[in-house]
Amino acid sequence: MIDLRSDTLTMPDAEMLESILTAKLGDDGRVDANGRGEDLTINQLEDMMAELTGMEAGLLCPTGTMGNTCGVLSWCKAKDRVLVHEQQHLLLTEKFLFDEEYCRMEPIKYAMNEHMTPDVEQIDRLLAESGAKLLCLENTHNFSGGYVIPVAEMAKLRAVADKHGAHIHMDGARLLHAAAALGVPVKEITQYVDSVMVCISKGIGAPVGSVLCSTKAQIAKAREIRKVIGGGMRQAGIIAAPGIYALEHNLERMKEDIANAKLTASLLQGKLKKLSMQDEVQSNILVLDVSKASVTPSEFCALAEQKGLLIKTVLKTCVRLVYYRGITSEDAKKAAAIILELDQQI
């Protein structure tokens with residue numbers, strides 16, 4: 001079975017798991033005068049991610065949802081207006097910040113331009129009209145098909161935010177794939193944001209965790225928020241140790257995921273009759289639109305599973321394939337063959 005449901009399916013190898021056995025552990029919930037916990041392994045991971053993103057400090061969270069929540073809440077309060085993309089994961093899937101029963105923030109929704117990057121002109125207008133003080137970006141953008149925001153576009157977004165006195169938070173769950181796709185250091189992208197959440201449990205293959213990075217002052221605020229919403233941890237160096245190993249060993253290989261996604265796309269290009277494919281594959285995600293077929297996205301996924309391919313529905317009319325460590329070029333070829341076979345049947 002070829003499982004392309006998500007890159008959260010990466011599995012730790014023996015060497016990564018062995019890093020837990022020698023991790024220096026402590027109580028991360030007991031904070032010193034400098035705002036650091038007592039777990040030295042967590043502190044090391046937070047420092048490494050802060051350095052990677054060019055930020056002053058980091059905060060380990062058990063999930064990307066909590067990392068984003070702590071990041072946004074460090075800038076905003078309940079009922080504030082926040083600019084988010086209309087298909088942003090933070091809005092459609094995580095929901096907590098915008099749910100009427102919880103934070104009740106008001107989403108001001110922006111769209112992509114023809115190049116599949118955030119529409120700067122629209123964001124400029126919406127910031128002026130709404131008075132929102134936070135712009136949320138997602139890089140890569142999950143539901144659109146892993147599109148990447150180029151560095152030049154990041155600079156434009158920064159300029160617009162500064163014009164209106166707004167901060168920028170980035171959901172960088174797949175930021176490391178974005179950097180690999182662009183061929184630039186991570187900090188070249190994140191120099192234009194005020195806070196960023198990066199997952200260690202996706203592309204680089206650690207089992208658990210995400211790190212929120214920002215200034216020392218913002219991370220101190222986020223640490224208090226993390227505690228309030230139940231994210232305070234004790235000897236979580238057992239989570240951090242695989243993350244450190246992943247940062248030291250797995251960053252370069254993410255280019256393979258992008259190559260495999262592009263390989264499947266190239267084998268489908270010009271051959272699909274009922275399905276339609278995104279214009280360009282830029283990172284490790286490929287989205288197919290099933291709306292012209294005689295089956296629903298869920299039914300298409302069931303048919304694919306019968307032939308040995310696990311994929312996931314996204315939005316209302318699409319299915320998603322995600323490539324990660326453990327998926328080979330042969331898997332990418334087989335996935336294309338299965339999709340082409342199904343395309344003839346639906």
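This briefing covers the salt bridges of the structure above and one pair of strands with the helix that connects them. The model is a predicted one. A search of the whole structure finds 23 salt bridges, and three of these pairs are described below together with the burial of their partners. Side chains of opposite charge can pair when their charged atoms come close.

**A salt bridge between distant parts of the chain**

- E46 and R36 form a salt bridge in which the closest N and O atoms are 3.3 Å apart.
- This pair links distant parts of the chain, since E46 belongs to helix α2 (residues 40-53), whereas R36 sits in the loop between α1 (14-18) and α2, ten residues apart from E46.
- E46 counts as buried because its relative accessible area is 0%, while R36, with a relative accessible area of 22%, is partly exposed.

**A salt bridge within helix α5**

- The side chains of E129 and R125 meet in a salt bridge, with a distance of 3.4 Å from N to O.
- Both residues lie in helix α5 (residues 120-130), and because E129 and R125 are four residues apart there, about one helical turn separates them.
- E129 is exposed, with a relative accessible area of 54%, whereas R125 counts as partly exposed at 39% relative accessibility.

**A salt bridge within helix α7, and a network**

- D162 pairs with R158 in a salt bridge whose closest N and O atoms are 3.1 Å apart.
- Helix α7 (residues 151-163) holds both D162 and R158, which are four residues apart, or about one turn of the helix.
- D162 counts as partly exposed at 48% relative accessibility, but R158 counts as buried, because its relative accessibility of 12% is under 20%.
- Elsewhere, salt bridges that share partners join D28, R36, E46, D47, R223 and R226 into one network, so that the E46 and R36 described above are both among its members.

**Strand pairing and crossover**

- Strand β3 (residues 81-85) pairs with strand β4 (residues 106-110) in the parallel sense, and the pairing runs over five bridges.
- Among the residues of this pairing, R81 has E106 in β4 as its bridge partner.
- Between the two strands the chain passes through helix α4 (residues 89-94), going from β3 to β4, and the resulting β-α-β crossover is right-handed.

Key
Residues are numbered from 1 along each chain as its sequence is written. This is a predicted model: local features need pLDDT of at least 70, side-chain atom pairs count only at pLDDT 80 or more; totals for chains, interfaces and linings use all residues. Side-chain values use heavy atoms; hydrogens and water are left out. A salt bridge is a side-chain nitrogen of Lys or Arg within 4 Å of a carboxyl oxygen of Asp or Glu. Buried means under 20% relative accessible area, exposed over 50%, partly exposed in between (1.4 Å probe, protein chains only). Two strands pair if DSSP finds at least two bridges between them. A crossover is right-handed if, with the strands pointing away from the viewer, the path from the first strand over the helix to the second runs clockwise.
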